[in-house]
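Dear colleague,

I am passing on the structure we spoke about, and my notes on it follow directly below. Please read them with the coordinates open beside you.

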Amino acid sequence: VILGTAEIKVRHPDFGQSNGAGLTPSGGLGAVGGIGGGIAVFDTNTVENKILRKFTDIDFGSDTYFSPDNTRLYAASRTEVAVFDTLTLAPIDVNPATDEIDKIPIPYDTFIHQVTIDPSGHFLYATGFADTVFVIDIRPDSPTLHQTIRSIPLPPRGRISISGASVTADGTKLLVGTGDGFDTGYLTVINLQADEEPSAENLFPDGWGEVIHDVQTPGVPYYVNTTTDPNLATFSYRYRVSSYTPWGNNIPITPNLMRFGTVDLSSGTPVLNQVSTRVEGGNLNPIQQRYYSGYYQSVLTPREVVVSPDLEYAYIGEWQLFLIYGYGGNYGDKVGIVKDPFGTPEYLGATTPIDGGYVTNVALNHDGTRLLAAYGGFGEVLVMNTEALQQAGESLSPREREREPLDQVNPAVHITPITIQG
């Protein structure tokens, strides 16, 4: 039983049965997987270092997603999808006929890494290495609830497991990163709009699940994130782990440094653009500067990008894979911010770089007032005040932005850490 979707009635031996009632989740929960194993659930509005529940019996827990009605949490778990009740903070058994608490199995024990859900909460889409999107029914009243009802074939070119997938805000398109190299990739757009959606009676309605665009990109898309505008999305790139030293044994500089991609679907044909994560107008070389011992504040290898609900700001998490040795200065993993990412983008700077911080994910709370950045290197989620980030960035000149961490300019950026591991 999913408590948040159940109708509750009270039966009295003398007075009969009551009218139906239900419990409505208040929302405001966050979840993170893959830090120290398992899944941790926390309150995104917290002002203290506290988690609500940790599920340690989940294998890997690479990606999490809440249903739009906030009644369930879904988590990718290698060859399965785990389901949790957000009211009881307990696992949901998808097959009560067995003695175990069962998860949703993926056909052929296929490994999955990423999950996403359409805004109506009808289907979950799971992706991994395979050139396939698995479609899982999550409609509470469906006879095939929590079953993989079909798959969507992708162009047969291979995938990296972490390539993202995201559904547009109007629920009509699924965007999936495809390709398994470094220099060239594709953003594959799939139609989810049809006269009917898949059901037990018709799993393959005409047009639903068809590839309608397959757009070449200058690198394999890593994380793909849609926005509140159904025509706009962002994506980051896959990077080689590479190095740069003064001793001349450098691996060739990886492409797409200091930028992420955007896509505009409004014209019918996807239009790609690049957004710089390097301070413009300064005088500091973002890779190395002789005789400099301060902070480097450009985001060299963006990992994930999320956009504010009003589309005015983009927040970039960096796990730095372009490693610089032998020069002065402080490098590391950080959170950057760009103003007007779909108009005239302006990079405003970043938080303090932390060597070994490994920012794995960034996300916003429901109204965009808080940014949650998962630092896998030390097992914490840092909760940040987005208004303080914006104000700090906009208060600085270009020369200051490329040198001064925004959370040192305005310490109110940091609200609280949430310790997941330890």
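Arg401 counts as buried, because its relative accessibility is 8% and the cut-off for buried is under 20%. Please keep in mind throughout that this is a predicted model. The side chain of Arg401 meets that of Glu346 in a salt bridge, with 2.9 Å from N to O, and this pair links distant parts of the chain, since Arg401 sits in helix α2 (residues 398-401) and Glu346 in strand β28 (residues 346-350), 55 residues apart. Glu346, for its part, is partly exposed, with a relative accessibility of 35%.

By the rule applied here, the count of salt bridges comes to nine. Another of them is formed by Glu318 and Lys334, whose closest N and O atoms are 2.6 Å apart. Glu318 belongs to strand β25 (residues 313-318) and Lys334 to strand β27 (residues 334-339), so this salt bridge ties together parts that are 16 residues apart in sequence. Both partners are buried: Glu318 has a relative accessible area of 0%, and Lys334 has one of 1%.

Glu402 forms a salt bridge with Arg403, and there the closest N and O atoms are 2.9 Å apart. Glu402 is buried, at a relative accessible area of 4%, whereas Arg403 is partly exposed, at 27% relative accessibility. Elsewhere, Asp137, Arg139 and Glu197 are joined into one network by salt bridges that share partners.

Glu402 also appears in the lining of the largest cavity, together with Arg278, Val279, Leu284, Asn285, Pro286, Tyr296, Gln297 and Ser298. That cavity holds about 60 Å³ of space, and its lining comprises four nonpolar, three polar and two charged residues. In total, the structure has three cavities of 30 Å³ or more.

Turning to the surface, Ile8, Leu23 and Leu87 make up a nonpolar patch, and their accessible area together is about 220 Å². Leu87 lies in the loop between β8 (80-85) and β9 (90-91), and with a relative accessibility of 33% it counts as partly exposed.

A further loop residue is Asp141, placed between β13 (132-137) and β14 (147-153), which is exposed at 78% relative accessibility. Asp141 is 15 residues from Ala126 in sequence, and their C-alpha atoms are 21 Å apart in space.

With best regards

Conventions
Residues are numbered from 1 along each chain as its sequence is written. This is a predicted model: local features need pLDDT of at least 70, side-chain atom pairs count only at pLDDT 80 or more; totals for chains, interfaces and linings use all residues. Side-chain values use heavy atoms; hydrogens and water are left out. On a 1 Å grid over the protein atoms alone, a cavity is a set of points where a 1.4 Å probe fits but cannot get out, and a pocket is an open set with protein on both sides within 12 Å along at least five of seven lines; lining residues have an atom within 4 Å of a point. Grid points are joined across faces, edges and corners, and a volume is the space filled by probe spheres set on the points. Ala, Val, Leu, Ile, Met, Phe, Trp, Tyr, Cys and Pro count as nonpolar, Asp, Glu, Lys and Arg as charged, and the others, Gly among them, as polar. Patches are made of residues with over 30% relative accessible area and no salt bridge: like charges are joined within 9 Å, nonpolar side chains (Val, Leu, Ile, Met, Phe, Trp, Tyr) within 5 Å. Accessible areas come from the Shrake-Rupley method with a 1.4 Å probe; for residues, only the protein chains shown count as cover. A salt bridge is a side-chain nitrogen of Lys or Arg within 4 Å of a carboxyl oxygen of Asp or Glu. Helices (H or I, at least four residues) and strands (E, at least two) are DSSP runs, numbered from the N terminus. Buried means under 20% relative accessible area, exposed over 50%, partly exposed in between (1.4 Å probe, protein chains only).
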